[in-house]
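User: Please take me through this structure in short steps. I will ask, you reason from the coordinates.

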Amino acid sequence: MKFKKQIKGLNAYQPGKTMDEVKRIFNLDKVIKLASNENPYGASPKVKAYLESADVNYALYPDGYATKLRTAVAKHLKVSENQLLFGNGSDDNILIVSRAILQPGLNTVMASVTFGQYKHNAIVEGAEVREVPLKNGEHDLDKMYDSIDENTGIVWICNPNNPTGTLTPSEKIKVFIEKVPHDVLVVLDEAYIEYITDETYVDSIRLIEKHPNLLIMRTFSKAYGLASFRVGYAIGSEEVISQLEPTREPFNNTVLSQDVAVIGLQDQTFIEECRAKNNAGKKQYETYCTERKLDFYPSHTNFILMEVKTDSDAVFQGLMKRGFIVRSGNALGVPGYLRITIGTEQENTELLQKLDEVL
Ligand code: PMP
């Protein structure tokens with residue numbers, strides 16, 4: 001049968017080769033994945049200790065309100081518990097927001113290039129997608145503002161932006177949110193916030209009080225090293241959260257996911273250590289690019305988008321054969337570039353040696 005609802009312009013998610021497949025196909029003993037911006041140091045050791053002794057009744061559904069996690073995050077961020085929405089990763093929160101707000105006849109504004117799920121969900125909902133090119137790697141907030149009209153439902157700001165890693169300054173976001181009509185939701189996706197070291201970037205949560213149409217998204221998948229558990233959270237005004245909450249699935253975080261997220265949150269020393277190591281690792285790539293006159297975007301995240309001056313798919317394949325899975329810019333809308341997750345010092349050194357062989 002053919003569905004009566006026709007979704008045009010949507011491709012099924014294309015999973016890359018798994019690490020096991022890459023090992024088998026290229027006959028490798030070891031494969032390192034630096035493709036999806038996970039934390040190369042894993043999660044806090046306290047998470048591992050907990051999982052080794054966890055005593056969970058697997059037959060029971062999880063707490064559908066993620067109460068313990070909610071209390072912990074609320075306390076950590078100094079917001080009220082009903083200012084939080086928990087999702088099965090930020091991916092789920094992007095879906096929840098899109099489904100609640102977008103529909104045919106409405107439009108949504110985002111940068112190009114940016115994180116693909118904003119567009120993906122807009123297409124599913126049948127909304128018009130208005131893409132505004134980045135300006136010097138940054139969100140062009142003036143042009144994005146000009147794209148808003150009375151049919152705009154959501155504006156997406158990915159900060160720092162994926163796949164460029166670039167940061168739009170706080171001051172510009174503040175000016176933007178002050179201008180945006182109050183019935184347009186501005187989503188600020190801060191998936192990589194823990195990696196920001198730029199001291200001029202101020203905590204955007206404080207903007208919510210004055211701007212109830214601002215929704216901030218964060219995740220345990222990146223610096224917290226818990227991507228496999230799928231926990232993302234959104235912080236917004238009670239007015240916005242109370243409209244989103246009834247639209248989500250009832251049990252969208254598992255028992256173990258809720259527990260490990262609380263434990264991860266409590267270990268801020270681990271996050272600080274990862275941030276420092278990430279900064280050092282980033283410098284390895286910056287030095288490499290500078291020495292070889294390859295362009296790169298200034299990254300405020302745990303990945304770097306760098307030029308390869310040749311077909312990025314071929315470089316991606318060349319690295320894969322040598323045991324490194326990265327992301328080709330072709331797949332991200334930035335041909336001629338590679339997006340590489342910053343790994344451990346050793347991983348970065350090895351990858352860059354292989355890259356020299358390929359380039
Ligand atoms: N937003 C951005 C900018 C991301 O890069 C990612 C992960 N690639 C997500 C959201 C989704 O993260 P999660 O694992 O929490 O679903």
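Analyst: Two strands count as paired if DSSP finds at least two bridges between them. The model here is predicted.

User: Which residue stands opposite arginine 327 in β12?
Analyst: β11 and strand β12 (residues 337-341) run antiparallel and are joined by 2 bridges. That meets the cut-off of at least two bridges. Opposite arginine 327, in β12, stands arginine 339.

User: Which strands are the edge strands of the open sheet that holds β12?
Analyst: The sheet has 3 strands in the order β9-β12-β11, with antiparallel pairing. An edge strand pairs on one side only. The edge strands are β9 (303-307) and β11 (327-328).

User: Which residue in β8 is the bridge partner of isoleucine 216?
Analyst: β7 and β8 run antiparallel, with 4 bridges between them. Strand β2 (residues 84-87) also pairs with β8 in the antiparallel sense, over 4 bridges. Leucine 84 stands opposite isoleucine 235 in β8. For isoleucine 216, the bridge partner in β8 is likewise isoleucine 235.

User: Are Gly232, Tyr233, Ala234 and Ile235 of β8 buried or exposed?
Analyst: Gly232 and Ala234 point one way from the strand, Tyr233 and Ile235 the other way. Buried means under 20% relative accessible area. On both faces of β8, these residues are buried.

User: What distance separates the ligand oxygen from the polar side-chain atom of threonine 219?
Analyst: The ligand is surrounded by 13 residues, and the closest include Ser90 and Thr219. Backbone polar atoms take part: that of serine 90 is 2.6 Å from a ligand oxygen, and that of aspartate 91 is 2.9 Å from a ligand oxygen. For the side-chain atom of threonine 219, the distance to a ligand oxygen is 2.6 Å.

User: How much of the accessible area that the ligand has on its own does the protein cover?
Analyst: On its own, the ligand has 400 Å² of accessible area. The shell around the ligand comprises 4 nonpolar, 5 polar and 4 charged residues. The protein covers 92% of the ligand's area.

User: Aspartate 91 also forms a salt bridge with arginine 230. How many residues apart in sequence are the parts tied together by this pair?
Analyst: The closest N and O atoms of the pair are 3.3 Å apart. Arginine 230 sits in the loop between β7 (214-219) and β8 (232-235), and aspartate 91 in helix α4 (residues 90-101), so the bridge ties together parts whose separation in sequence is 139 residues.

User: Are arginine 230 and aspartate 91 buried, partly exposed or exposed?
Analyst: Partly exposed covers the range between under 20% and over 50%. Arginine 230 has 26% relative accessibility, and aspartate 91 has 32%. Arginine 230 is therefore partly exposed, and aspartate 91 is also partly exposed.

User: Which residues are linked with Asp149 in a network of salt bridges?
Analyst: The structure holds 18 salt bridges. Aspartate 149 bridges to arginine 130, with closest N and O atoms 3.0 Å apart. Aspartate 149 is in the loop between α6 (141-146) and β5 (152-158) and arginine 130 in strand β4 (residues 128-133), so parts 19 residues apart in sequence are tied together. The residues networked with Asp149 are Glu128 and Arg130.

User: Is aspartate 140, the partner of lysine 143, buried or exposed?
Analyst: In this salt bridge the closest N and O atoms are 3.9 Å apart. Aspartate 140 has 9% relative accessibility, so it counts as buried.

Key. Residues are numbered from 1 along each chain as its sequence is written. This is a predicted model: local features need pLDDT of at least 70, side-chain atom pairs count only at pLDDT 80 or more; totals for chains, interfaces and linings use all residues. Side-chain values use heavy atoms; hydrogens and water are left out. A residue is near a molecule or strand if one of its heavy atoms lies within 4 Å of it. A polar contact is a pair of N or O atoms within 3.5 Å; within protein, one must be able to donate a hydrogen and the other to accept it, and residues adjacent in sequence count only if both atoms are side-chain atoms. Accessible areas come from the Shrake-Rupley method with a 1.4 Å probe; for residues, only the protein chains shown count as cover. Ala, Val, Leu, Ile, Met, Phe, Trp, Tyr, Cys and Pro count as nonpolar, Asp, Glu, Lys and Arg as charged, and the others, Gly among them, as polar. A salt bridge is a side-chain nitrogen of Lys or Arg within 4 Å of a carboxyl oxygen of Asp or Glu. Buried means under 20% relative accessible area, exposed over 50%, partly exposed in between (1.4 Å probe, protein chains only).
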